[in-house]
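Work through the exercises below with the coordinates open, and try each task before reading its solution.

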Amino acid sequence: MKIIGKHFLRLALLLAVLPLKAQQPKQGMVIPLTADAASTLTVYLPEQPSGRAVVALPGGGYTHLAINKEGHDWAPFFNQRGIAFFVLKYRMPHGNPSLPVDDAEKAIRMVRDSALSWHINPYDVGIMGFSAGGHLASVVSTRAAFDVRPNFSLLFYPVISLDRKAAYSRSAGEFFGDKVEDKAAIEAYSTDRQVRSHLTPEAAIFLANDDKVITPLANGVAYYSAMRRKRNNCALYVYPHGGHGFGYSSSFPYHQQLLDDLSTWLEKHKSVSPQAIRVACIGNSITDGAGIDMSEIEGYPAVLHKLLGNGYNVRNFGVSARTLLSRGDYPYVKELAWRDAQAFNPNVVVLKLGTNDSKPENWQYGADFDRDLLAMVDTLQSLPARPVIYLATPIPAFKPTWNINDSVIANAIIPIIRKVARKRRCKIIDLHTAFAPYGKLMQTDGIHPTAEGAAKMAEIIRESICQK
């Protein structure tokens, strides 16, 4: 089994020297995450593991933990479905946000690093949070490094905004301490403002409409709205009444419906095999899927994943408006997506940049294009997986919208791409030629494909990847 991320190997070695019972824990075993055991992880492993795992973060306003109804009481529900379940006792921040955040990241890392011995798929590790624990879960989902970011999030009546005008002020005060009015800190940790296209994991949110403690509109609904605006997959379940903090309590009027809804969501949320061939799609707005309402489903990387099948794990690392040129107006190499693409440790890379570089304000630095492309290719080729790299030429610019110049693409950029491909023995996907007959599959700007055009791109790229 291949495990992603450099931390996996390091912590796997650490676990190897721990007592045997820490590698094969008894049901309900408590594992300390800090030297003083102030933070612990309680382990519940199913008899018939599906490979899925969930780490639960109970709530309590960042002052205490409702660790039973928002933690341990859920273990049978998940274990009966073959899901490994973990309850995190995290440290209270007392004005130091790094304390609970570090504990949550350690928990995710330990679960992934123990994947082999605990029969867990490291690509199917979710996080589950309640109230303030929901805020902490959303922080890890939006801000954590790739190797400790969960694959999905289950958020129950979460605190999302730390603006005290919209949030539960006690949570904000405990989290920030004397920085509770710091606008930069509020921006950084109000997680509806930190959602990123493709990079923030899919989420399911569960709320009661009459929650008077954590206002749904400014919190759970705000997170759903942010996910939807970024075209990420997200589900929102709002029950007519039940207040705040219902957790696993059978007194919640919609307890059984909640369990049924969650069970169905988990069943329909499909995971990828840890042995799947990892494909990273790197590019600008055309890869991102700009103008396609649900690009997470209909963008070319998503369609490519469907075409390639279950033996592949295709991820979208596209960012709109980005250039390959490091001196361009918005260089791709400065983006989180570039760091994530490397941490993904892909077996295959489809690199498609150059469209925005053709703008006069960017192409004035065109002499650097060869060097900058070589630098990206060299970085990718040095990854542990030693990926096969496909350099895809830009599709035609059917209109000169935003000063994008197809002549520069065809006569200057594409020859450099071909030169670098020869020099570094990369493969070429000539999208500029192959997509030329499909001008009718473009949006009105003449730059971005429609959903149908994205599907055609996926077909062309699939044919190249699958060639023997």
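**Exercise 1.** Determine which residues Ser464 is in contact with, leaving aside its neighbours within four places in sequence, and decide whether Ser464 is buried or exposed.

*Solution.* Begin with the location: in this predicted model, Ser464 lies in helix H19, which covers residues 451–465. Next, leaving aside neighbours within four places in sequence, the contacts of Ser464 are with Tyr390 and Ile429. Finally, the relative accessibility of Ser464 is 15%, and since buried means under 20%, Ser464 counts as buried.

**Exercise 2.** Examine the backbone of Tyr62 and Tyr157, and establish what is notable about phi in Tyr62 and in Tyr157.

*Solution.* As background, most residues other than glycine have a negative phi. Tyr62, although it is not a glycine, has a positive phi of about 60 degrees, and Tyr157, also a residue other than glycine, has a positive phi near 30 degrees. The second step is to place them: Tyr62 is found in the loop between strand E3 (53–57) and helix H3 (75–79), while Tyr157 is in the loop between strand E6 (152–156) and helix H7 (169–176). The third step concerns accessibility, where Tyr62 is buried with a relative accessible area of 0%, and Tyr157 is buried with a relative accessible area of 1%.

**Exercise 3.** Describe helix H4 (residues 98–113) by its span and by how many of its residues are buried.

*Solution.* Helix H4 has 16 residues, and the distance from its first C-alpha to its last is 22 Å, close to the 22 Å expected at 1.5 Å a residue. Turning to burial, 12 of these 16 residues are buried, so H4 is largely enclosed by the rest of the structure. The buried residues include Val101, Ile108, Met110 and Val111, and among them are also the charged residues Asp103, Glu105, Arg109, Arg112 and Asp113.

**Exercise 4.** Find which elements the buried residues of H14 pack against, and identify what follows this helix.

*Solution.* First list the buried residues of helix H14 (residues 336–343), which are Leu336, Ala337, Trp338, Asp340 and Ala341. These buried residues pack against strand E9 (277–283), strand E10 (312–318) and helix H16 (369–381). After H14 comes Asn345, whose phi is positive, near 50 degrees.

**Exercise 5.** Characterise the surroundings of Tyr330, which lies in the loop between E10 and H14.

*Solution.* At 44% relative accessibility, Tyr330 counts as partly exposed, because this value falls between the limits of 20% and 50%. Not counting residues up to four places away in sequence, Tyr330 touches Ala321, Arg322 and Thr323. Tyr330 and Asp357 are 27 residues apart along the chain, and their C-alpha atoms are separated by 9.7 Å.

**Exercise 6.** Assess whether the overall dimensions of the chain agree or disagree with those of a compact globule, and summarise its composition.

*Solution.* For 468 residues, a compact globule would have a radius of gyration near 23 Å, and the chain, at 23 Å, agrees with this. The C-alpha trace spans about 65 × 50 × 40 Å along its principal axes. The chain has 19 helices and 13 strands, and 59% of its residues are buried. Among contacts between residues at least 6 apart in sequence, 76% join residues at least 24 apart. The accessible surface comes to about 19200 Å², of which 51% belongs to carbon and sulfur atoms. As for charge, there are 52 positive and 42 negative side chains, and the centres of the two sets lie 5 Å apart.

How values were computed: Residues are numbered from 1 along each chain as its sequence is written. This is a predicted model: local features need pLDDT of at least 70, side-chain atom pairs count only at pLDDT 80 or more; totals for chains, interfaces and linings use all residues. Side-chain values use heavy atoms; hydrogens and water are left out. Helices (H or I, at least four residues) and strands (E, at least two) are DSSP runs, numbered from the N terminus. Buried means under 20% relative accessible area, exposed over 50%, partly exposed in between (1.4 Å probe, protein chains only). Contact means heavy atoms within 4.5 Å. The radius of gyration is taken over C-alpha atoms; the globule rule is 2.2 Å times the number of residues to the power 0.38. Accessible areas come from the Shrake-Rupley method with a 1.4 Å probe; for residues, only the protein chains shown count as cover. The place of a charge is taken as NZ of Lys, CZ of Arg, CG of Asp or CD of Glu. The expected span of a helix is 1.5 Å times one less than its number of residues.
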